[in-house]
Amino acid sequence: MAHDKLAVLIDADNARPAIVEGLLAEIAKYGTAHVKRIYGDWTKPDLNGWKDALLRHSIQPIQQFRYTVGKNATDSAMIIDAMDLLYAGRFDGFCIVSSDSDFTRLASRIRESGLTVYGFGERKTPEPFRTACDKFIYTDVLVRVDEGETEAAPKPRSAKELRGDTRLMNLLRNAIEAGSDESGWAGLGPVGSILNKQSPDFDSRNYGYAKLSGLIKGIGLFETEERHIGNGKHIYVRPKSGKK
């Protein structure tokens, strides 16, 4: 997957410059950004904060004038460019950075063509857009602490808080059961894949844990086991006895 060719399209009206470092580091996990474009009206002072970031990271600004108040010309320009890039047939996936539900149909259309869609947006992002993506990452988990942002990444939740989150517990139990063998053990890798299919916006960082293994250990209702298979280490998980 790391060799996938990705097109990164950023809605400057719906994203903050503070995310750019973490955003590009996250995208690098999924592939290589062959196209990096950001859309907005660059004649307006409210986008000035982006300009240094664009130069540092070779992101191409696309000018889109706001012809009419209340109409989002930026969205239209992004959608047209995305379709052009899709038809070019040079990419394996798209990264759409916005909190706007206007991109829901675009994400669905790209997936219909067999390409992967990674969405990035704020917590306010409407559910239809989040679920239209293969994977959706909340941008607050990408903000570096040294950026001085008021919206910091979530702090680790306590075991009591995690156990009280019915949706989280159901997701985890269902994923572990679906990925388990006869003895009840499930590989953490497959569990993560099942979780992502069940809920595209699932991310252990949303609960304050850098990795899924840390989240599962933090809950305290599952036992984990590290196994050496081939040249690598693999983590397996199952419910503790009597805690299924």
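This is a short walk through a predicted model, with suggestions for what to select at each stop.

**Stop 1: helix α4**

Start by selecting residues 104-112, which form helix α4. Which residues of this helix are buried? Colour T104, L106, A107 and I110, and you have them. Now turn the view until you look down the axis of α4: the buried residues fall within an arc of 165°, so they line one face of the helix.

Stay with this helix and show the side chains of R105 and E112. They meet in a salt bridge, with a nitrogen to oxygen distance of 3.3 Å. E112 has a relative accessible area of 56%, so this residue counts as exposed. Then step just past the end of α4 to G114, where the backbone takes a positive phi of about 90°.

**Stop 2: helix α1**

Next, select residues 20-30, helix α1, and show E26 and K29. Their side chains form a salt bridge, 3.1 Å from N to O. Why is about one helical turn between them? The two residues are three apart in α1, and that spacing is about one turn. As a rule, an α-helix has 3.6 residues a turn, so residues three or four places apart point the same way.

Is E26 buried or exposed? Its relative accessibility is 3%, so E26 counts as buried. Now add D203 and R205 to your selection: together with E26 and K29, they are linked in a network of salt bridges.

**Stop 3: strands β8 and β9**

Move on to R238 and E223. The closest N and O atoms of this salt bridge are 3.0 Å apart. The pair links distant parts of the chain, with R238 in strand β9 (residues 232-239) and E223 in strand β8 (residues 222-229), 15 residues apart. R238 is partly exposed, at a relative accessible area of 25%, and E223 is also partly exposed, at 27%.

If you would like to keep looking for such pairs, the whole structure holds 14 salt bridges.

**Stop 4: the cavity**

Finally, look inside. How many cavities of 30 Å³ or more does the structure hold? There is one, and the largest cavity has a volume of about 40 Å³. To see what surrounds this space, select N14, A15, R16, I19, V97, S98, S99, F120, G121, E122 and T139, which line the cavity. Colour them by character and you will find four nonpolar, five polar and two charged residues.

Methods. Residues numbered from 1 in each chain as written. Predicted model: local features only at pLDDT ≥ 70, side-chain atom pairs only at ≥ 80, totals over all residues. Heavy atoms only, no water. Buried < 20%, exposed > 50% of the residue type's maximum accessible area, 1.4 Å probe, protein only. Helix = DSSP H or I, 4+ residues; strand = E, 2+ residues; numbered from the N terminus. Arc of directions from axis to C-beta. 1 Å grid on protein atoms, 1.4 Å probe; cavity = no way out; pocket = protein on both sides within 12 Å on 5 of 7 lines; lining within 4 Å. Points joined across faces, edges and corners; volume = space filled by probe spheres on them. Nonpolar A, V, L, I, M, F, W, Y, C, P; charged D, E, K, R; others polar. Salt bridge = Lys/Arg side-chain N within 4 Å of Asp/Glu carboxyl O.
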